[in-house]
Amino acid sequence: MTEIAAAGAMTTLDPAEQKPQDIYKLLVGSVVPRPIAFVSSMDAEGVRNLAPFSFFTVDSANPPVVCFCPMMRGAANNGLQPTKDTLRNIIATREFVVNIVSEEFAGQMNACSAELPPEVDEFAVSGLTPLASDLVRPPRVGESHVQMECRLQQVIHVSTEPLGGSLVLGEVLRFHVSASLLDNFRIDPGKLQAIGRMAGSTYTRTRDRFDMERPK
C-alpha cells in the first residue's frame, strides 16, 4: 500500500456554524484561478450595464452554452437592490454578451466592478467602446478579443439570502474573435493574455503555462 505523506494539521469547518462572509472568503481563496465573464446587458428601457463576474465557466459545446453566477449583495448594500443589475436585466430581456477580459484593459474592467446605481452606464464610466451586436441588443466590448452574444436559456436561483447566488445559462448565438488570435478554431493564449481572479484584490495572468498530454 502506498503511503500518503501527511500535509500537516487540517482545520475542519462546518459552513452552518460560520458567517456567510467567512465562507465566501474560503470559497474565493480555494477555487482559483477563476476566469472572468465581463457581461454587458441592457434593461427594458435600453440603459446599458457592464459588470465582471468571476463565478464563470462553460456548460456545453453542443449547443454552446456558457454560465456565470451573479451573487446577491451582502447585508450592507449601500441602498442598492439586493439583486445585481445584470441579473435583473437578463431576466427582463433574455439577452447578454460575455466579453473575455485581457490584461490590457484590466483597469477599465475593474472600474466596472464598483457598486453603481442601475441608471449609470458603465461603458461611459470606464471609457470602454460599445460595439453593436449582430443578434442581441446589448453591445459588445470593443476592447475584448473574444465576445459571445448570448440568449438566456435558464436561470436557476440557488439562494436569495445575502451572498446567495443564481446560475445563469446562456446559449452562444455568435462568437466574435480577433482574427490575429485564431488558427483553426484554436485561440492563442499568448496573444489573448486573459486574466483570472484570485481572492480579494488579487488577479493572475495566464503567461506561465505548461503542457501535459491526456492519457490514452
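**Exercise 1. How many bridges join E9 to E10, and do these strands run parallel or antiparallel?**

Let's take it in steps, keeping in mind that this is a predicted model.

- Step 1: Put E9 beside E10. You'll find 11 bridges joining them, and the strands run antiparallel.
- Step 2: Pick one bridge to look at up close. Valine 155 has valine 168 in E10 as its bridge partner.
- Step 3: Now try E5 against E10. This pair is antiparallel too, with 4 bridges.
- Step 4: Again, zoom in on one partner. Valine 66 is bridged to glycine 170, which sits in E10.

**Exercise 2. Work out the order of the strands in the open sheet of 7 strands, and find which ones stand at the edges.**

A bit of background helps here. Strands of a sheet pair through backbone hydrogen bonds, either parallel or antiparallel.

- Step 1: Read across the sheet. The order is E3-E2-E6-E9-E10-E5-E4, and the pairing is antiparallel.
- Step 2: Look at the two ends. E3 and E4 each have a single partner strand, so one side of each has no neighbour in the sheet.
- Step 3: Check how the sheet turns. From one strand to the next, the twist averages 35°.
- Step 4: Test one pairing. E2 (residues 37–42) and E6 (residues 95–100) are antiparallel over 4 bridges, and valine 39 stands opposite valine 98 in E6.
- Step 5: Add the helix. H2 packs on this sheet and touches E2, E3, E5, E6, E9 and E10. The direction of H2 makes about 55° with that of E2.

**Exercise 3. Do the same for the open sheet of 3 strands: give its order and its edges.**

- Step 1: The order is E1-E13-E14, with antiparallel pairing.
- Step 2: E1 and E14 (203–205) are at the edges; each has a single partner strand, so one side of each is left without a neighbour in the sheet.
- Step 3: Look at the contact between E1 and E13 (residues 195–197). They pair over 2 bridges in the antiparallel sense, and proline 35 has glycine 196 in E13 as its bridge partner.

**Exercise 4. Describe the largest pocket: how much space lies in it, and what lines it?**

- Step 1: Start with volume. About 800 Å³ of space lies in the largest pocket.
- Step 2: Go to the lining, which is made of 32 residues. Those nearest the centre are Tyr24, Pro52, Lys84, Ser113 and Glu115.
- Step 3: Trace the lining back to the fold. E3 (48–53), H2 (85–93) and H3 (106–111) each supply at least two residues, and E3 has the largest share, with 4 residues.
- Step 4: Sort the lining by type. You get 16 nonpolar, 10 polar and 6 charged residues.

**Exercise 5. Now describe the second largest pocket: which residues are closest to its centre, and how does its lining divide by type?**

- Step 1: The space in the second largest pocket is about 380 Å³.
- Step 2: It is lined by 15 residues, and Phe56, Val58, Val66, Ile100 and Met148 are the closest to its centre.
- Step 3: Find the strands behind the lining. E4 (56–61), E5 (64–68), E9 (146–157) and E10 (166–177) each supply at least two residues. E4 gives the most, with 4 residues.
- Step 4: By type, the lining has 14 nonpolar residues, 1 polar and no charged.

**Exercise 6. Find the salt bridge between lysine 25 and aspartate 22, and say how far apart these residues are in helix H1.**

- Step 1: The side chains meet with an N to O distance of 3.7 Å. The cut-off for a salt bridge is 4 Å, so this pair counts.
- Step 2: Lysine 25 and aspartate 22 are 3 residues apart in H1 (residues 20–30), which puts about one helical turn between them.
- Step 3: For the whole model, the count comes to 8 salt bridges.

**Exercise 7. Track down some unusual backbone spots: which peptide bonds before proline 33 and proline 63 are cis or trans, and where is asparagine 184?**

Know the usual case beforehand. Most residues other than glycine have a negative phi, and most peptide bonds are trans.

- Step 1: The bond from valine 32 to proline 33 is cis, with omega near -15°. Proline 33 is in the loop between H1 and E1 (34–35).
- Step 2: Asparagine 62 and proline 63 are also joined by a cis peptide bond, with omega about 5°. Proline 63 lies in the loop between E4 and E5.
- Step 3: Asparagine 184 isn't a glycine, yet its phi is positive, about 55°. You'll find asparagine 184 in the loop between E11 (182–183) and E12 (186–187).

Methods. Residues are numbered from 1 along each chain as its sequence is written. This is a predicted model: local features need pLDDT of at least 70, side-chain atom pairs count only at pLDDT 80 or more; totals for chains, interfaces and linings use all residues. Side-chain values use heavy atoms; hydrogens and water are left out. On a 1 Å grid over the protein atoms alone, a cavity is a set of points where a 1.4 Å probe fits but cannot get out, and a pocket is an open set with protein on both sides within 12 Å along at least five of seven lines; lining residues have an atom within 4 Å of a point. Grid points are joined across faces, edges and corners, and a volume is the space filled by probe spheres set on the points. Ala, Val, Leu, Ile, Met, Phe, Trp, Tyr, Cys and Pro count as nonpolar, Asp, Glu, Lys and Arg as charged, and the others, Gly among them, as polar. Two strands pair if DSSP finds at least two bridges between them. Axes are lines fitted to C-alpha atoms, for helices over the stretch in contact, and angles run from 0 to 180 degrees between N-to-C directions. Contact means heavy atoms within 4.5 Å.
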